[in-house]
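Reader: Please take one part of this model and examine it closely, residue by residue where that helps. I should then like to see how it connects with the rest of the chain.

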Amino acid sequence: QVHLVESGGGLVQAGGSLRLSCAASGSIFSINAMGWYRQAPGNERELVAASTSGGRTNYADSVKGRFTISRDNAKNTVYLQMNSLKPEDTAVYYCNVRGSSGYQMDFTSWGQGTQVTVSS
């Protein structure tokens, strides 16, 4: 079993910055991708940013140039640096990790979610 612990959410004024962290632990043999999703009230969960083991990253168009995803593979941790925050970035942010716990033991785990609120 793989457990994710998120931290770093909070309340910030528009134009401010926050940094989210997500640490994975447990039965991890390898990690293929780490990413962040968000869900605002009344909306579906959407991909914000993702990072693959090959070093590729992709971002939602709405956050390009403002958010940066990075990872520390030695610590099985992924970060999301969020700059120039806007009120529309307000949502619960979820960490997602996909990998393997061993032979034919793929996993997908979700964090508990952390609230990000941007005031205007």
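Author: Strands are here DSSP runs of E with at least two residues, numbered from the N terminus. The model is predicted, and the part chosen is the hairpin of strand 7 and strand 8. Four residues lie between these two strands, and in the turn Asn-76 has a positive phi of about 50°. The two strands run antiparallel and are joined by six bridges. One bridge partner can be named on each side: Thr-68 is matched with Gln-81 in strand 8.

The two faces of strand 7 differ in cover. Phe-67, Ile-69 and Arg-71 make up the covered face, whereas Thr-68, Ser-70 and Asp-72 make up the uncovered one. This agrees with a general rule: in a regular strand, side chains alternate between the two faces of the sheet.

The hairpin belongs to an open sheet of four strands, in the order 1-3-8-7, with antiparallel pairing. Strand 1 and strand 7 each have a single partner strand, so they stand at the edges and one side of each lacks a neighbour in the sheet. On average, and with direction ignored, neighbouring strands of this sheet are turned by 15° against each other. Strand 8 also pairs with strand 3, in the antiparallel sense and over six bridges. Here Tyr-79 in strand 8 stands opposite Ser-21. The ring of Tyr-79 has a further partner: the charged end of Arg-19 sits over it, 4.1 Å from its centre.

From the sheet, the description passes to the interior. The largest nonpolar core has 27 residues, and those touching the most other members are Trp-36, Val-48, Phe-67, Leu-80, Met-82 and Tyr-93. Two or more residues of this core come from each of strand 1 (2-7), strand 3 (18-26), strand 4, strand 5, strand 7 (67-72), strand 8 (77-82), strand 9 and strand 11 (114-119). Both strands of the hairpin are thus among the contributors. With residues up to four places away in sequence left out, Met-82 touches Gly-16, Ser-17, Leu-18, Leu-20, Arg-66, Phe-67, Tyr-93 and Val-116.

Leu-20 and Tyr-93 recur in the surroundings of another residue, Thr-114, which lies in strand 11. Thr-114 is buried, since its relative accessible area is 11% and buried means under 20%. Beyond its neighbours within four places in sequence, its contacts are Glu-6, Gly-9, Leu-20, Ala-91, Val-92 and Tyr-93.

A second hairpin, formed by strand 4 and strand 5, invites comparison. Six residues separate strand 4 from strand 5, and Gly-42 in that turn has a positive phi of about 80°. Strand 4 and strand 5 (residues 46-52) run antiparallel with six bridges, and Gly-35 has Ala-50 as its bridge partner in strand 5. Strand 4 (residues 30-39) is also joined to strand 9 (residues 91-100), antiparallel and by nine bridges. Within that pairing, Ile-31 stands opposite Gly-99.

Strand 4 also takes part in a side-chain link. One aromatic pair is found in the whole structure: Tyr-37 and Trp-110, edge-to-face, at 5.0 Å centre to centre and with 65° between the planes. Tyr-37 lies in strand 4 and Trp-110 in strand 10 (residues 106-110), so the pair ties together parts 73 residues apart in sequence. Tyr-37 is partly exposed, at 23% relative accessible area, and Trp-110 also counts as partly exposed, at 38%. Over the face of Trp-110 lies Arg-45, 4.7 Å from the ring centre.

Methods
Residues numbered from 1 in each chain as written. Predicted model: local features only at pLDDT ≥ 70, side-chain atom pairs only at ≥ 80, totals over all residues. Heavy atoms only, no water. Pairing = 2+ DSSP bridges. Core = buried A, V, L, I, M, F, W, Y, C linked by side-chain atoms within 4.5 Å. Buried < 20%, exposed > 50% of the residue type's maximum accessible area, 1.4 Å probe, protein only. Contact = heavy atoms within 4.5 Å. Axes fitted to C-alpha atoms, helices over the stretch in contact; angles between N-to-C directions. Phe/Tyr/Trp six-rings, centres within 6.5 Å; stacked < 30°, edge-to-face > 60°. Lys NZ or Arg CZ within 6 Å of the ring centre and 35° of its normal.
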